[in-house]
Amino acid sequence: MNPRLRHWREAATLLLAAGTPGRPPRSPLGPFDYELLLLRRSSRSGFMPGAHVFPGGLAEPADFSAEWLGLLPASPHYGLGAVKPPPPGGSRAPLFATDREGPSSQLPGEVAFRICALRETFEEAGILLWSSPPEAIERFKSQEIWFPPPQFYEFCRLCNFSSLGELQKFSSERALEGCERWMPVMLSAADGLIQLLPGDELYPEDPDYTGEKKMIMSTNKKVEDLMKEAGLFHRIVIKNTNNLAIYVNIQAKYKHINPLMMKSDNSDYNSRL
């Protein structure tokens, strides 16, 4: 669909929150008045089998079809408002920044990928789990469920909002700021893995956005040593599939908010933050 993205398949994800007023707290962070929808992937899936994930999936040509124009508001930008351009030196994800070709290019990416996320949510709804952000993390730590690092990161970010009203206000105010281009880069250490994110001092200046370089970063140092040596953090430390920890001390871009630094082990890396 996008001729410049030869090495990647375009997809979209939906974070669906539902209010649960009056629900008693079940986490050390206190009461949350909403839950998020998670779907459990099939154990036979070739990619992340058995994982609990936010609903979503691959984009289809129909998501960009001109037929949607008759169903969308006629106001400018289809009722979404104009997304602000990136600041000087900033970047946008290629799926939003790249021009498209052919008859499927009439809808902008920020509209078509919303359609994709909604369509996939209806198609995928099978084994469902509703959980507040801290409850999901506790279930993850206890190995009751498993979800990949990006979901863990988002749950930790959502832990900043105990109220559905606060979350809705933040999302509405931030929606037109746009999003930053991210490409997690994996660093293999002697006793674990570190997923480096933009802004971390170990993050490469020229990450492999296309998959052509097949970049592999590795070191003989232990995770603890790498944490003690660093000053600017934006990373996920991975000891095993259910032992993740987020460390971040940089300023979030585009009026976003950093995740709460939560971990599932007894490491004391936070002493550096």
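Which residue stands opposite Asn 240 in strand 11? In this predicted model, the residue that stands opposite Asn 240 is Asn 243 of strand 11. The two strands concerned, strand 10 and strand 11, form a hairpin with two residues between them, and they run antiparallel, joined by six bridges. Elsewhere along this pairing, Ile 236 stands opposite Ile 246 in strand 11.

The protein chain as a whole contains six helices and 11 strands. Of its 273 residues, 41% are buried, and its accessible surface comes to about 14900 Å², with 54% of that surface belonging to carbon and sulfur atoms. When contacts between residues at least 6 apart in sequence are considered, 66% of them join residues at least 24 apart.

The hairpin belongs to an open sheet in which five strands follow the order 9-7-8-10-11, with mixed pairing. Strand 9 (217-218) and strand 11 are the edge strands of this sheet, each pairing on one side only. Helix 4 packs on the sheet, where it touches strand 8 (192-196), strand 10 and strand 11, and its direction makes about 55° with that of strand 11. Helix 4 is itself mostly covered, since eight of its 10 residues are buried; the buried residues are Pro 149, Gln 151, Phe 152, Tyr 153, Phe 155, Cys 156, Arg 157 and Leu 158.

Although strand 11 lies at an edge of the sheet, six of its six residues are buried, so the strand is largely enclosed by the rest of the structure. In a regular strand, side chains alternate between the two faces of the sheet. In strand 11 both faces are covered, with Asn 243, Ala 245 and Tyr 247 buried on one side and Leu 244, Ile 246 and Val 248 buried on the other.

The largest nonpolar core comprises 28 residues, of which Tyr 34, Ile 137, Phe 147, Phe 152, Phe 155, Ile 236 and Ile 246 touch the most other members. At least two residues of this core are supplied by each of strand 3 (34-40), helix 3 (133-141), helix 4 (149-158), helix 5 (164-174), strand 10 (234-240) and strand 11 (243-248). Helix 4 makes the greatest contribution to this core, giving five residues. Within strand 11, Ile 246 illustrates the surroundings of one such core residue: leaving out residues up to four places away in sequence, Ile 246 touches Phe 152, Tyr 153, Cys 156, Arg 235, Ile 236, Pro 259, Met 261 and Met 262. Apart from the largest core lies another, of 15 residues, and its members include Leu 187, Tyr 203, Phe 233 and Ala 245.

Three further residues were examined individually. The residue Thr 219 lies in the loop between strand 9 and helix 6 (223-229), and with a relative accessibility of 23% it counts as partly exposed. Apart from residues up to four places away in sequence, Thr 219 touches Leu 187, Ser 188, Ala 189, Ala 190 and Leu 226. One of these partners, Ala 190, is 29 residues from Thr 219 in sequence, while the two C-alpha atoms are 6.7 Å apart in space. A polar atom of the Thr 219 side chain also lies 3.1 Å from the backbone nitrogen of Lys 221.

Glu 120 is located in helix 2 (residues 109-124) and is buried, its relative accessible area being 9%. The side chain of Glu 120 makes a polar contact of 3.0 Å with the side chain of Arg 119. When neighbours within four places in sequence are set aside, Glu 120 is in contact with Gly 56, Gly 57 and Leu 58.

Finally, Tyr 254 lies in the segment after strand 11. The relative accessibility of Tyr 254 is 12%, a value under the 20% cut-off, and therefore this residue counts as buried. Tyr 254 and Ala 175 are 79 residues apart along the chain, and their C-alpha atoms are separated by 9.5 Å.

Definitions and conventions
Residues are numbered from 1 along each chain as its sequence is written. This is a predicted model: local features need pLDDT of at least 70, side-chain atom pairs count only at pLDDT 80 or more; totals for chains, interfaces and linings use all residues. Side-chain values use heavy atoms; hydrogens and water are left out. A nonpolar core is a set of buried Ala, Val, Leu, Ile, Met, Phe, Trp, Tyr and Cys residues joined through side-chain atoms within 4.5 Å. Buried means under 20% relative accessible area, exposed over 50%, partly exposed in between (1.4 Å probe, protein chains only). Helices (H or I, at least four residues) and strands (E, at least two) are DSSP runs, numbered from the N terminus. Contact means heavy atoms within 4.5 Å. Two strands pair if DSSP finds at least two bridges between them. A polar contact is a pair of N or O atoms within 3.5 Å; within protein, one must be able to donate a hydrogen and the other to accept it, and residues adjacent in sequence count only if both atoms are side-chain atoms. Axes are lines fitted to C-alpha atoms, for helices over the stretch in contact, and angles run from 0 to 180 degrees between N-to-C directions. Accessible areas come from the Shrake-Rupley method with a 1.4 Å probe; for residues, only the protein chains shown count as cover.
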